[in-house]
Amino acid sequence: MNILYVLIPLALLLGIFFVVAFIWATKKGQFDDLDTPAARIVLDDEYRINDKQEGKKNE
Amino acid sequence: MEAGSLNTSISPSESVQCLHCNEKTDFPIYSEGKVFCCHGCQTIHFALQAGGLLEYYQVRERLGISKNLTPTTKAKVDFSYMNEPQFKNEFITSGESSNHIKFYIEGIHCLACIWLLEKLPSINGEVISARINFSNSILDLTIKKNCNLETVGNQISDLGYRPHVIKSNSEAQKLQQSEEHSKLIKIGVAGACSANIMLYSIAIYAGAGVEFSALFGWVSFILTLPVIIYSATPFYENSLAALKSRTLNIDIPISFAIIIGTVFGFYNLLIGSSHYYFDSLSILVFLLLSSRLLVQKSIQKGLNSDGLATLFEQSSVKRWNSIKKEYESIHTKFIQLGDQLLIEEAKTIPSDGINLSELSYLNNSLITGESRPAKVSKDENLFAGSVNLGDKIEMRVEKLFEDSTLGKIISEVEQGPETKQRIQSVTDKISRYFIAAVFSTSFMAFFYFLYTLGVDPAIERTLAIIIVSCPCALGLAAPLAIARAMNKAREKGIIIKNDSSLEDIARIKDVFFDKTGTLTDGNFSVVAVTNEAALSPFLEIIYSLEERSNHPIAHAIQKWTKKSSLVDFLDFQEIPGRGVSGKINDMTYSLLKSSNIREGNTAVDFLIDEEIISTIHLSDSLKKDSLPLISYLSNTAHKSHILSGDNSQTVKQVASALNIEEANSYSNQTPESKADLISQHKQSIMVGDGANDAIAMKKATVSIAVSGAMDIGLRASDIYLTQDPLKNMIFLMKLAKLTNTSIKINLIISLIYNLIGVTLSILGFISPLGAAILMPLSSLSVVIATLVKIKGLERA
């Protein structure tokens, strides 16, 4: 079980990496507006008739 | 698909559907073979067509949007002030090759609105890009250096939205943003740490050996540190603030549990016991922070305060330019002392000043609450906020807006001390008893176990009681229910600015109403006519006589006749202060002020050759939802009051029509005396619309603003009803009641959990595993209870 002494710090490092990434993204304003980008993706320039399902899902 | 084909068969005889908003209408407007319900919809449709944006209808249909499509803009607004250099300096932020300007857009209700507004560059070549933030309704435009902003304003307005320019990149906004970021990071850190701690805790519960149990314990402890030192800081801050003001709130027991739990866990870690509690504590912090952010977000979604700051000043006015010898349009922000202004029909006077025109009629109800039009002669004072009911007025500015009567009311509302008599929230009230109960139980338990079992078990069991009784669910109970209710309210166009008002409404029994504009329309209309049959052949003549007068009463009578063709008179005369007369075939027809006032508060006689044929009674008419609202309130044991600046006769009449006791109706009130009356009642709801209610609203426990458009009341109020105000107020009262029951059920559940937990720990049954299961389970049950209660809200 000695491997734990390597894996635990490794797991923690990985965790820290993602927390830092989250902090970076927040500070960059990635989470400031959660509604509009989700809506914008279905409002593309060219309207495709067969796209109805996508539109319903996001409404 | 052709846009026109959305509409089915068109026949003028039956009610038809508007092509733009799908609203059914009995009075359609036909244009180029298309049907519209109003000119607003027609304008928008052709604006779309001209911009090649008819695809809008397909986007809208594809998204399944069916509600609330009628346009916001009703009056044509003059945006030429946007091209003034002063305006550009103030509101445009310059970049290297392009400029930015931000607008708060009134009237965004669905995804199709985003699509449409972001298509702005395709109808205006000077706009480089348009980005809209759906959650706060802010449109950010990137424009070319010499962009014609008037065109932009007109185009947005043509599409059916109302742009309000806002100053971008202010310090306050940046500060608010960084605060929000820090909240989110705190939640992120707490979430990441607690999830990792959970992994190690499961290993401990599953029976990890002594060696690993200690290792995992230390890892958990290290992971707990960021949570208690960084993420949990808001709880400590709130607790300290509460202690400083010598009150108790829910954050005190939470902070206490977090600190004691960590210290105790650390102590156990040192002595080699495996009762850590780190997992439960960090999860608790994570859940509480998340639920609070949820509530905050639902408040912000309803209304963004950035837009509010500039709302009232959002209008233009015509100013005399002595060099060009003509009136030019400017933004009201740039009015200076001594300026000569032209106030057009139905426009609001932007600043206090002197009337330069011969005679004008004004609606002062915003300031005085009086419904009757006020007559202002030459050289008399005009007040900011009054609406011009008659012809164009010329005026000279004597006071800047900040120094005007209205400006002073607004600054008092905004800067005045918070004088509200808040009701203590149920949670805070309960937490007071809760703290007392937990402490006394632990003290008794400690001494009992000290006597029976010895020092070590006594300390252990006492601390277990404190930790197990940690008020996790108690802290979640109110925020969850309130967040849910606020979302529900927003769907009905109810904007709740203060999250505690929902709790307060359900407990207050005294409701104060402003009269003009709140319970009544604020406009004169015909309420009764004597001898109507004799009058009917002369309706066209009456229409034509009143057509020539600019008096507001004349407009009301003219509207009532429902005629549209004009008759010529030989000898037309307008006698100021009396009425009008004209001759046809040697017969003199006249409409003169009557002394015979019975119903209503003004009457006009119709005379043929000096003989009175009929008397027309006029009054400020009740809104159609007033009576149902007052009846609902009296059925639910509420006491309704009327506070009005109007004369006693009018107020008495409205009170009797609404079955409000005479003792509860107050007439001839000034803004200050309204506020005094409110202060005399310990707990009150104030419902109002204008500036004359603003101070009273500030004093009331809960204030509700009703208005069809954004107004000053909005700034002073806790709750703002945007659509069908009085009807939605009934919904609001029901919603508040349901929310309160929901909070109470949640509190009971969490108290039961705590009771079980405490009992078990006193008896010594509580193991680390038991505590770990019991604590999240109590939060979970509160979440489920709230979700179940939603069903009740949906029926409401």
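This passage walks through chain A, the salt bridges, a charged patch and a few single residues of a predicted model.

Chain A is a simple affair. It holds three helices and zero strands, and along the sequence the pattern reads α-α-α. Of the 59 residues in chain A, 22% are buried. The accessible surface of this chain comes to about 4,600 Å², and carbon and sulfur atoms account for 64% of that area. Part of the chain A surface is a nonpolar patch of about 670 Å². The patch is built from I3(A), V6(A), L7(A), L10(A), L13(A), I16(A) and V20(A). As for where V20(A) sits, the residue belongs to helix α1, which covers residues 4-27 of chain A.

Turning to charge pairs, the count over all chains is seven salt bridges. One of them joins the side chains of D251(B) and R292(B), with N to O at 2.7 Å. D251(B) is in helix α10 (residues 251-271) of chain B and R292(B) is in helix α11 (residues 278-302) of chain B, so this contact ties together parts that lie 41 residues apart in sequence. The two partners differ in how much of them shows. D251(B) has 2% relative accessibility and counts as buried, because the cut-off for that label is under 20%. R292(B), at 26%, counts as partly exposed.

Another bridge in chain B links K324(B) to E328(B), and here the closest N and O atoms are 3.5 Å apart. K324(B) is exposed, with a relative accessibility of 53%. That value is past the 50% mark, which is why the residue gets the exposed label. E328(B), on the other end of the bridge, is at 14% and counts as buried. The set also includes a bridge between R396(B) and E398(B), whose closest N and O atoms are 3.3 Å apart. In this case R396(B) is partly exposed at 35% relative accessible area, and E398(B) is partly exposed too, at 41%.

Charge also turns up on the surface of chain B without salt bridges. D586(B), D609(B), E610(B) and E611(B) form a negative surface patch, and residues with a salt bridge are left out of such patches by definition. Within this group, E610(B) lies in the loop between β25 (602-608) and β26 (611-622) of chain B. E610(B) has 75% relative accessibility, so it counts as exposed.

A little further along chain B comes K623(B), in the loop between β26 and α22 (626-635). This lysine is partly exposed, with a relative accessible area of 21%; that is over the 20% limit for a buried residue, so the buried label does not apply. K623(B) and L726(B) are 103 residues apart in sequence, yet their C-alpha atoms are 8.5 Å apart in space.

Finally, the cysteines. The count of disulfides over all chains is zero. Two cysteines of chain B can be placed by their accessibility: C147(B) is buried at 2%, and C193(B) is buried at 8%. Both values fall under 20%, so the two residues get the buried label.

Key: Residues numbered from 1 in each chain as written. Chains lettered and ligands numbered in written order. Predicted model: local features only at pLDDT ≥ 70, side-chain atom pairs only at ≥ 80, totals over all residues. Heavy atoms only, no water. Disulfide = S-S within 2.5 Å. Buried < 20%, exposed > 50% of the residue type's maximum accessible area, 1.4 Å probe, protein only. Patch = residues over 30% accessible without salt bridge, like charges linked within 9 Å, V, L, I, M, F, W, Y side chains within 5 Å. Areas by Shrake-Rupley, 256 points an atom, 1.4 Å probe, with all protein chains shown as cover. Salt bridge = Lys/Arg side-chain N within 4 Å of Asp/Glu carboxyl O. Lys, Arg positive; Asp, Glu negative; His and termini not counted. Charge placed at Lys NZ, Arg CZ, Asp CG, Glu CD. Helix = DSSP H or I, 4+ residues; strand = E, 2+ residues; numbered from the N terminus.
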